[in-house]
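The following exercises concern side-chain environments and charged pairs. Please attempt each task before reading its solution.

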Amino acid sequence: MATFLYRLGHFCVRHRRMVLGAWLSLLVGLGVLGSVAGGETSDELSLPGTESQEAFDLLDATFPSQGGSSTRVVFAAGDGASLTDPGTMASVDKVMADIGAIDGVSTSVSPSDTGTISPDGNVAFGDVRYPVSGMEVEESTLDAVEKSAESARDAGITVEFGGEVIPGAEIEPPSSEAIGLAVAVVVLLVSFGSVLAMGLPLLTALIGLGVGLTGITLLSAFVDLSSTAPTLATMIGLAVGIDYALFVITRHRQNIAEGIEVEEAAARANATAGGAVVFAGMTVVIALASLAVMGLPFLTVMGLAAAATVAVAVLVAVTLLPAMLGFAGHNIDRFRVPGLKN
């Protein structure tokens, strides 16, 4: 393995433009194919063979109206008004009737039918049910439910939504990846003390992650992939991509400091630290792929997608990274940060 990685390091440094072009072409190609194929992840969760899934299936078959998901519509009367007034209750009934007519809503029950009105007549609630799980309710359905409440609001009634599915709720995208990337920049700067040396692990890790994620997008056009698969692949792929590059670059800088030429230094780093990267990466791949043993489809696909991203990170570390070290040459420690000596 060490001999192969040594020769591979020499090859990648000598043909660095070709290696970089190949990886960038792969990234762009997978991105275009994934976009054309229109792959999308799924939020559907099934646990075949488990007692809980059998219970859900039995509930859907026996009491279909109680399956799926629900929204609670809460009405509050304005100052001096009461929901028990015929005119006010007519506005409430109209909202619930409009919601019941929306495509994607199975049932809509008004407070006047269930008597779910407070004794003072100030607050009441109705129930809306959907035939699918909360994650599968169409955005157009939720928008229509939200819009149906406008007539009651125009009449001075406060309308809010609660329960399992909340129309109009805005979910902010997670920023954990951005925070992790910022922390990685600080740690790498402290470790290397050089902007260029810090940038190489980030660049190669992001290219590897991009290849992995675009590959997952393409795969989702042919296989039912959980929406959590890209998230897991991003977290693990970014972490191992930076970590593996850190091993190789550290050894390469040591070789350069000993007076070894750039190509030889990169090849030796690939043969030594690169061997550890391959071993560690394959261990992670096996661990993630072993999720298939549980026999749960969503876990199997999620584990395999993350494992593939880690495998890409290993390939990037032993091919693209030596090529980038060749581009950097003896300037690997340029643009040093004042106060940081490494």
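Three exercises with worked solutions follow.

This is a predicted model, in which local features need pLDDT of at least 70 and side-chain atom pairs count only at pLDDT 80 or more, while totals for chains, interfaces and linings use all residues. Residues are numbered from 1 along each chain as its sequence is written, and side-chain values use heavy atoms, with hydrogens and water left out.

**Exercise 1.** Determine the location of Thr 204, its exposure class and its contacts.

*Solution.*
Step 1. Thr 204 belongs to helix H9, residues 195-219; helices are DSSP runs of H or I with at least four residues, numbered from the N terminus.
Step 2. The relative accessible area of Thr 204 is 3%. Buried means under 20%, exposed over 50%, and partly exposed in between, with a 1.4 Å probe and protein chains only. Thr 204 is therefore buried.
Step 3. With residues up to four places away in sequence left out, Thr 204 touches Ala 245, Val 316, Leu 320, Leu 321 and Met 324, a contact being heavy atoms within 4.5 Å.
Step 4. Within its own helix region, the side chain of Thr 204 also reaches the backbone oxygen of Leu 200 at 3.0 Å.

**Exercise 2.** Find the salt-bridge partner of Arg 14 and characterise the pair.

*Solution.*
Step 1. A salt bridge requires a side-chain nitrogen of Lys or Arg within 4 Å of a carboxyl oxygen of Asp or Glu. By this rule there are five salt bridges.
Step 2. Arg 14 pairs with Glu 263, with 2.5 Å between the closest N and O atoms.
Step 3. Arg 14 is in helix H1 (residues 2-14) and Glu 263 in helix H11 (residues 262-289), so the pair ties together parts that are 249 residues apart in sequence.
Step 4. Arg 14 has a relative accessible area of 56% and is therefore exposed; Glu 263, at 24%, counts as partly exposed.

**Exercise 3.** Describe the salt bridges Asp 98 to Lys 94 and Arg 268 to Glu 264.

*Solution.*
Step 1. The closest N and O atoms of Asp 98 and Lys 94 are 2.9 Å apart. For Arg 268 and Glu 264, the N to O distance is 2.9 Å.
Step 2. Asp 98 and Lys 94 both lie in helix H4 (residues 86-100), four residues apart, or about one turn of the helix. Arg 268 and Glu 264 are both in helix H11, likewise four residues apart, about one turn.
Step 3. Asp 98 is partly exposed at 30% relative accessibility, as is Lys 94 at 43%. Arg 268, at 38%, counts as partly exposed.

Technical notes. Helix = DSSP H or I, 4+ residues; strand = E, 2+ residues; numbered from the N terminus. Polar contact = N/O pair within 3.5 Å; in protein donor to acceptor, adjacent residues only side chain to side chain.
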